[in-house]
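Please read the following report alongside the sequence and the coordinates. It takes up a polar contact first, then charged pairs, and then some other local features.

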Amino acid sequence: MDYVEAASELGQAIAQSNEFISWKDAEGMVMTDRKAQTLLREYRNLQSDLVKGSQEDLSKEDLLRIRETLAAKQRELNEYPITKAYLEGKKGFESMMATVNDVIQHYLDNGSCTGSCDTCGGCQ
């Protein structure tokens, strides 16, 4: 099997994974929910304000106020079921992709695999 064929099979497996499907389902819910979109937009804007404030030498008090507002918005995101499902789905997918990348890197570093993760810490 050549690398293009292997990549195609990997892409198909990822697209059929529970992690990818859960994340995409949650993303679809966010796209149709005005409150979820607003919460995410406000969170991104606060993140941007914090970065700009740090670069523009905002006062410590102003930066603290932005951090506190950002933390409160994060709590809102985690409490609202639609954004919570989206963030959890995204985290699960990113974790799965990190594992995939670790396995690939293991082989690029001349590793070998017995097929049992119990006998090897290289992929984990």
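The side chain of Asp 33 reaches the backbone nitrogen of Ala 36 at 2.7 Å, a polar contact being a pair of N or O atoms within 3.5 Å in which, within protein, one must be able to donate a hydrogen and the other to accept it, while residues adjacent in sequence count only if both atoms are side-chain atoms. This is a predicted model, in which local features need pLDDT of at least 70 and side-chain atom pairs count only at pLDDT 80 or more, whereas totals for chains, interfaces and linings use all residues. Residues are numbered from 1 along each chain as its sequence is written, and side-chain values use heavy atoms, with hydrogens and water left out.

Asp 33 sits in the loop between helix 2 (18–31) and helix 3 (34–55), where helices are DSSP runs (H or I, at least four residues) numbered from the N terminus. Asp 33 is buried yet has no salt bridge, and the nearest side chain of opposite charge, that of Lys 35, is 7.4 Å away. Here buried means under 20% relative accessible area, exposed over 50%, and partly exposed in between (1.4 Å probe, protein chains only); a salt bridge is a side-chain nitrogen of Lys or Arg within 4 Å of a carboxyl oxygen of Asp or Glu; and Lys and Arg count as positive and Asp and Glu as negative, with His and the chain ends not counted. When residues up to four places away in sequence are not counted, Asp 33 touches Tyr 80 and Ile 82, contact meaning heavy atoms within 4.5 Å.

Side chains of opposite charge can pair when their charged atoms come close. A search of the whole structure finds four salt bridges, among them the following.

| Salt bridge | Closest N to O distance |
|---|---|
| Glu 27 and Lys 24 | 2.8 Å |
| Glu 42 and Lys 73 | 2.5 Å |
| Lys 73 and Glu 76 | 3.1 Å |

Glu 27 and Lys 24 are separated by about one helical turn, because they are three residues apart in helix 2. Lys 24 is partly exposed, with a relative accessible area of 33%.

Glu 42 forms a salt bridge with Lys 73, and this pair links distant parts of the chain, with Glu 42 in helix 3 and Lys 73 in helix 4, 31 residues apart. Lys 73 and Glu 76, in turn, both lie in helix 4, three residues apart, about one turn of the helix. Glu 42, Lys 73 and Glu 76 are thus linked in a network of salt bridges. Within this network Lys 73 is buried at 12% relative accessible area, whereas Glu 42 is partly exposed at 32% and Glu 76 is partly exposed at 34%.

Gly 53 also lies in helix 3 and, at 1% relative accessibility, counts as buried. Leaving aside neighbours within four places in sequence, Gly 53 is in contact with Leu 58 and Leu 63; its C-alpha is 8.8 Å from that of Ile 66, which is 13 residues away in sequence.

Asp 57 is found in the loop between helix 3 and helix 4 (60–79), and its phi is near 55°, a positive value in a residue other than glycine. Asp 57 is exposed, with a relative accessible area of 70%.

Ile 104, in helix 5 (residues 81–108), is partly exposed, with a relative accessible area of 39%.

Methods: Helix = DSSP H or I, 4+ residues; strand = E, 2+ residues; numbered from the N terminus.
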